[in-house]
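Biologist: I should like to learn how to read the features of a model such as this one. Could we go through them in turn?

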Amino acid sequence: MDPNDLKTVPLFAGLSKKERNYVARHADVVDLPAGNRLVDQGAFAHEFFVLLEGSVEVTQDGKHLTTLGPGDFFGEVALVERDRRTASVVASTQISAIVMHQRDFDGMRRDLPHVAETIHAAVHERSPRHAED
């Protein structure tokens, strides 16, 4: 992927050129059609996603939770907590998304602490384990 594309993604906007190159080396961009199931609730987690274009619907137990769009990310809860997926995600429109596999995601969290802080804040907000906090 082109490291310059990361400048427009809020999660990566503050990264230096070196850090953007790091992320770009460890990520892929995928283009998927509307209706594609990206994440299934209860499944084992293997990837982290950041939307570049399009929108996805997030559901839990068949109930609509939210709609995500460009700049939003998902898939981090199960990767961070080493647990199964907590929600399902389906493309509402054609999408373009950055995808990182677990090993690369873990490396990014280790090597880019300011990105890790944003991801951990999202995990705290989204994880059922923190619902009472």
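The dialogue below takes up the core, the strands, the salt bridges and a few single residues.

Modeller: Please keep in mind throughout that this is a predicted model.

Biologist: Let us begin with the interior. Which residues of the largest nonpolar core touch the most other members?

Modeller: A core is read by looking for the members that join many others. Here the largest nonpolar core has 23 residues, and L11, F12, F48 and M108 touch the most other members. At least two residues of this core come from each of α1 (17-25), β3 (47-53), α2 (76-81), β8 (95-101), α3 (102-111) and α4 (113-126). Apart from it there is another core, of 14 residues, including L38, A87, A97 and V99.

Biologist: What does F48 touch, leaving out residues up to four places away in sequence?

Modeller: The list for F48 consists of L11, F73, F74, G75, E76, L79, I98, V99, M100, F105, M108 and I119.

Biologist: How should the pairing of β3 be read, and how many bridges join β3 to β8?

Modeller: One counts the bridges and notes the direction. β3 and β8 run antiparallel and are joined by six bridges. β3 also pairs with strand β6 (residues 73-74), again in the antiparallel sense, over two bridges. V50 illustrates both pairings: its bridge partner in β8 is I98, and in β6 V50 stands opposite F73.

Biologist: What is the order of the strands in the open sheet?

Modeller: The open sheet has four strands in the order β2-β7-β4-β5, with antiparallel pairing. β2 (37-39) and β5 (63-68) each have a single partner strand and stand at the edges, so one side of each is left without a neighbour in the sheet. On average, neighbouring strands of this sheet are turned by 30° against each other, direction ignored. Within the sheet, strand β4 (residues 56-60) is joined to β7 by four antiparallel bridges, and V58 stands opposite V89 in β7.

Biologist: What is the general idea about side chains along a strand?

Modeller: In a regular strand, side chains alternate between the two faces of the sheet. For a single strand residue, one then asks about burial and contacts. S96 has its place in strand β8. With a relative accessibility of 7%, S96 counts as buried.

Biologist: With which side chain does the side chain of S96 make a polar contact?

Modeller: The partner is the side chain of D31, at 3.0 Å. Neighbours within four places in sequence aside, S96 is in contact with V29, V30, D31, V50, L51, L52 and E53.

Biologist: Let us turn to charged residues. How many salt bridges does a search of the whole structure find?

Modeller: The general idea is that side chains of opposite charge can pair when their charged atoms come close. The search of the whole structure finds five salt bridges. One of them joins E47 and R85, whose closest N and O atoms are 3.6 Å apart. This pair links distant parts of the chain, 38 residues apart: E47 lies in strand β3, and R85 in the loop between α2 and β7 (88-91). R85 is buried, its relative accessible area being 7%.

Biologist: How far apart in helix α3 are D106 and R109?

Modeller: They are three residues apart, so about one helical turn separates D106 and R109. Their salt bridge has its closest N and O atoms 3.3 Å apart. D106 counts as buried at 19% relative accessibility, and R109 counts as buried at 19%; the cut-off for buried is under 20%. A network of salt bridges links R82, D106 and R109.

Biologist: Is R110 buried or exposed?

Modeller: R110 counts as exposed, at 61% relative accessibility. Its salt bridge with D111 has closest N and O atoms 3.0 Å apart, and D111 is partly exposed, with a relative accessible area of 36%.

Biologist: Why is α3 described as largely enclosed by the rest of the structure?

Modeller: The reading rests on a count of buried residues: seven of the ten residues of α3 are buried, so the helix is largely enclosed by the rest of the structure. These are Q102, D104, F105, D106, G107, M108 and R109.

Biologist: Finally, where is T8 found?

Modeller: T8 is in the segment before α1 and counts as exposed, at 67% relative accessibility. The side chain of T8 reaches the backbone oxygen of D5 at 3.1 Å.

Methods: Residues numbered from 1 in each chain as written. Predicted model: local features only at pLDDT ≥ 70, side-chain atom pairs only at ≥ 80, totals over all residues. Heavy atoms only, no water. Core = buried A, V, L, I, M, F, W, Y, C linked by side-chain atoms within 4.5 Å. Buried < 20%, exposed > 50% of the residue type's maximum accessible area, 1.4 Å probe, protein only. Contact = heavy atoms within 4.5 Å. Polar contact = N/O pair within 3.5 Å; in protein donor to acceptor, adjacent residues only side chain to side chain. Pairing = 2+ DSSP bridges. Salt bridge = Lys/Arg side-chain N within 4 Å of Asp/Glu carboxyl O. Axes fitted to C-alpha atoms, helices over the stretch in contact; angles between N-to-C directions.
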